[in-house]
Amino acid sequence: MIKPDKVILSNRKSLALKIDKTGKLIVLAPKNMSLEKIFKFISEKEKWIIAKQTQIKSTLTLNSNLINYEEVLFLGKKYPVVYVKNNKEIILTENALCLPSKMGFSTNRLILNLKQWYIKNAETILIKRANDLLKHMNLSVKSLSIINSKAKWGMCDSNKNIFLNYKLLFLSHDLIDYVIVHEITHLVEMNHSKNFYLELARVLPKYKTLQTKLKQCGFLLNLLTE
């Protein structure tokens with residue numbers, strides 16, 4: 001019998017299972033539902049749970065160098081992390097990301113410095129690309145901001161403010177454009193209605209392929225979070 005890692009009871013009416021980005025099984029259940037019924041549901045979904053957890057475990061194993069910060073992703077390309085004694089700042093070369101040797105002494109320090117480096121680049125690269133795409137789509141936005149999120153690549157609120165996760169810089173150019181265009185499209189349609197996807201398809205006819213590719217990158221949102 002598979003045991004859940006977490007059970008969340010709330011006022012919801014239905015029972016649901018969720019596998020998080022690390023492979024943990026989370027149960028979302030109504031407050032008055034019995035444990036017997038919850039475990040019966042888990043048992044019925046056992047094949048799906050195992051398949052999903054196996055897939056996630058495989059992804060994490062294949063990308064262990066990224067998770068351990070032996071490599072980093074920048075605009076879809078992997079770079080080995082190299083520590084250079086005389087470096088005073090982080091420098092991206094054609095073949096490696098070169099860090100001052102002192103940054104390798106502490107994982108927390110390494111993560112903090114990498115995060116700052118990515119955010120600095122995001123404020124230039126992502127904001128410029130968003131402005132270019134806004135111009136292309138003939139739309140305007142109240143503000144563009146860089147955020148740090150473990151849950152979302154981007155957001156658009158009802159006041160026409162767009163927020164872009166600096167971790168978008170891990171992704172290839174086509175996926176960055178997909179996320180930005182997705183959020184810009186919310187300036188026209190705030191929900192995910194049929195009209196929303198028609199507008200999205202007008203700008204990105206192959207958005208479904210990009211959507212699938214992006215889902216496979218979900219584990220990257222957990223990087224640089226310590």
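**Pockets and cores in a predicted model**

Q: How many nonpolar, polar and charged residues are in the lining of the second largest pocket?
A: A pocket is an open set of points on a 1 Å grid over the protein atoms alone, where a 1.4 Å probe fits, with protein on both sides within 12 Å along at least five of seven lines; lining residues have an atom within 4 Å of a point. Ala, Val, Leu, Ile, Met, Phe, Trp, Tyr, Cys and Pro count as nonpolar, Asp, Glu, Lys and Arg as charged, and the others, Gly among them, as polar. By class, this lining has 6 nonpolar, 5 polar and 4 charged residues.

Q: Which helix gives the most to that lining?
A: This is a predicted model: local features need pLDDT of at least 70, side-chain atom pairs need 80 or more, and totals for chains, interfaces and linings use all residues. Residues are numbered from 1 along each chain as its sequence is written, and side-chain values use heavy atoms, without hydrogens or water. Helices (DSSP runs of H or I, at least four residues) and strands (E, at least two) are numbered from the N terminus. H7 and H5 (173-185) each supply at least two residues, but the most, 4 residues, comes from H5.

Q: What is the volume of the largest pocket?
A: Its lining has 18 residues, with Ile19, Asp20, Lys21, Ile56 and Lys215 nearest the centre. Strand S2 (16-19), helix H2 (46-62) and helix H7 (207-215) each give two or more of the lining residues. H2 gives the most, with 5 residues. Volume is the space filled by probe spheres set on the grid points, joined across faces, edges and corners, and here it is about 590 Å³.

Q: Is aspartate 177 buried or exposed?
A: Aspartate 177 sits in helix H5. It touches Arg129, Leu133 and Leu204 (heavy atoms within 4.5 Å), leaving out residues up to four places away in sequence. Its relative accessible area is 17%. The cut-offs, with a 1.4 Å probe and protein chains only, are under 20% for buried, over 50% for exposed and partly exposed in between, so aspartate 177 is buried.

Q: Which element gives the largest share of the largest nonpolar core?
A: A nonpolar core is a set of buried Ala, Val, Leu, Ile, Met, Phe, Trp, Tyr and Cys residues joined through side-chain atoms within 4.5 Å. The largest has 52 residues, and Leu220 is among those with the most contacts inside it. Leucine 220 touches residues including Leu66, Trp153 and Leu171. The largest share of this core, 10 residues, comes from H4.
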